[in-house]
Amino acid sequence: MSVPPIQVAIAPVTPLQQNCTIVWCTKTMKAAIIDPGGEVERLMKGLETYGVTLEKVLITHGHMDHAGAAAAIRDLTGVPIEGPHPDDQFWIDRIEASGKQYGIPEARSFTPDRWLYDGDVVTLGETRFEVVHCPGHTPGHVIFFHREARFAQVGDVLFKGSIGRTDFPRGNFNDLIEAISTKLWPLGDDVSFVPGHGPMSTLGFERKTNPYVSDIALGTTRSEPTEDLAPRYS
Ligand SMILES: [Zn+2]
Ligand SMILES: [Zn+2]
């Protein structure tokens with residue numbers, strides 16, 4: 001059996017049980033932490049446990065539970081922060097205030113070393129993730145897609161059986177539905193994804209069963225998928 005190009009370990013963080021992941025290039029053992037909302041020490045221990053070297057922090061969107069510990073990790077390790085899209089700067093600026101509100105006083109605002117845009121590529125060791133801009137939950141939300149591994153981290157765009165909230169400032173329900181149906185679905189039914197909260201799923205399973213965005217819910221028709229829809233990473 002060939003070695004998969006990436007490995008993924010999920011570490012829920014903060015009282016909001018946000019799915020932070022440590023993902024690494026199996027060839028180089030270079031790792032990224034995606035969406036570190038908090039619990040820096042535990043994440044550093046995780047890197048040690050897996051024997052990987054941190055190369056960067058990736059952020060899907062500017063909410064405190066996803067990005068609150070990015071600044072602390074950059075200070076501690078010197079690695080750059082990449083993402084989200086610049087339309088989320090106003091959320092990043094609010095991180096400290098939301099941290100106080102949710103009992104995470106160490107959460108801090110920051111300026112990313114690199115803002116991300118639709119179609120960008122993020123490298124990790126010798127492998128790469130594609131960046132897809134999916135506004136709606138927040139205006140600057142991006143997702144990270146690894147084409148070869150059929151894996152995506154989608155933040156609060158899509159959940160197993162649900163979709164992201166759009167009742168926040170500058171949230172937009174129609175934008176979210178459009179992003180899911182025109183940008184996520186084309187990635188393929190067989191793509192396993194880590195949502196921002198809760199269990200993993202596949203795009204195909206959600207397209208079939210999700211009460212908000214299934215083909216039936218959206219009134220779209222297409223031929224039946226035949227692939228195995230079980231999540232490949234759990
Ligand atoms: Zn969010
Ligand atoms: Zn969240």
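These exercises work through a predicted model.

**Exercise 1. Which residues are the protein donors of the zinc ion (ligand 1), and is the arrangement irregular or tetrahedral?**

Step 1. Take the donor atoms. They are NE2 of His-61, ND1 of His-63, NE2 of His-137 and an OD atom of Asp-156. Their distances from the zinc ion (ligand 1) run from 2.2 to 2.3 Å.

Step 2. Write the sequence spacing. The pattern is H-x1-H-x73-H-x18-D.

Step 3. Check the angles. The 4 donor atoms subtend 93 to 164°. A tetrahedral site needs all angles between 85 and 135 degrees. The arrangement around the zinc ion (ligand 1) is therefore irregular.

Step 4. Place two of the donors. His-61 sits in the loop between strand E4 (53-58) and H2. Asp-156 sits in the loop between strand E9 (151-155) and strand E10 (158-159). The pair therefore ties together parts that are 95 residues apart in sequence. Both His-61 and Asp-156 are buried.

**Exercise 2. Which residue bridges the zinc ion (ligand 2) and the zinc ion (ligand 1)?**

Step 1. List the protein donors of the zinc ion (ligand 2). They are Asp-65 (OD), His-66 (NE2), Asp-156 (OD) and His-197 (NE2), at 2.1 to 2.7 Å.

Step 2. Look at the donors of the zinc ion (ligand 1). Asp-156 is one of them. Asp-156 is thus the bridge, and the two zinc ions lie 3.5 Å apart.

Step 3. Characterise the site of the zinc ion (ligand 2). The angles among its 4 donor atoms are 84 to 154°, and the site is irregular. The spacing of its donor residues is D-H-x89-D-x40-H.

Step 4. Follow two histidines of this site. His-66 belongs to helix H2 (residues 64-67). His-197 belongs to the loop between strand E12 (192-195) and strand E13 (201-202). They are 131 residues apart, and the pair links distant parts of the chain.

Step 5. Compare accessibility. His-66 has a relative accessible area of 0%, so it is buried. His-197 has 22%, so it is partly exposed.

**Exercise 3. How do helix H1 (residues 40-50) and helix H3 (residues 70-77) pack?**

Step 1. Read the geometry. The angle is about 55° and the axes are 10 Å apart.

Step 2. Classify the angle. Roughly parallel would require under 35 degrees, and roughly perpendicular 65 to 115. H1 and H3 are therefore oblique to each other.

Step 3. Add the handedness. H1 and H3 cross in a right-handed sense.

Step 4. Name the contacts. H1 contributes Val-40, Leu-43 and Met-44. H3 contributes Ala-72, Ile-73, Leu-76 and Thr-77.

**Exercise 4. Where does Thr-53 lie, and which residues does it touch?**

Step 1. Thr-53 lies in strand E4. Its relative accessible area is 47%, so Thr-53 is partly exposed.

Step 2. Leave out residues up to four places away in sequence. Thr-53 then touches Met-29, Lys-30 and Ala-31.

Step 3. Consider Ala-32, 21 residues from Thr-53 along the chain. Their C-alpha atoms are separated by 8.5 Å.

**Exercise 5. Where do the cis peptide bond and the positive phi values of Gln-17 and Arg-170 occur?**

Step 1. Start with omega. The bond from Gly-83 to Pro-84 is cis, with omega near 0°. Pro-84 is in the loop between strand E5 (81-82) and helix H4 (89-93).

Step 2. Turn to phi. Gln-17 has a phi near 50°. Its loop joins strand E1 (6-13) and strand E2 (18-25). At 47% relative accessibility, Gln-17 is partly exposed.

Step 3. Finish with Arg-170. Its phi is about 60°, positive though the residue is not a glycine. Arg-170 is found in the loop between strand E11 (162-163) and helix H6 (173-184).

Terms used
Residues numbered from 1 in each chain as written. Chains lettered and ligands numbered in written order. Predicted model: local features only at pLDDT ≥ 70, side-chain atom pairs only at ≥ 80, totals over all residues. Heavy atoms only, no water. Donors = N, O, S within 2.8 Å, 3.2 Å for Na, K, Ca; no water. Tetrahedral: all angles 85-135°; square planar, octahedral: opposite > 155°, others 65-115°. Helix = DSSP H or I, 4+ residues; strand = E, 2+ residues; numbered from the N terminus. Buried < 20%, exposed > 50% of the residue type's maximum accessible area, 1.4 Å probe, protein only. Axes fitted to C-alpha atoms, helices over the stretch in contact; angles between N-to-C directions. Parallel < 35°, antiparallel > 145°, perpendicular 65-115°, else oblique. Left-handed = near helix turned anticlockwise from the far one by under 90°. Contact = heavy atoms within 4.5 Å.
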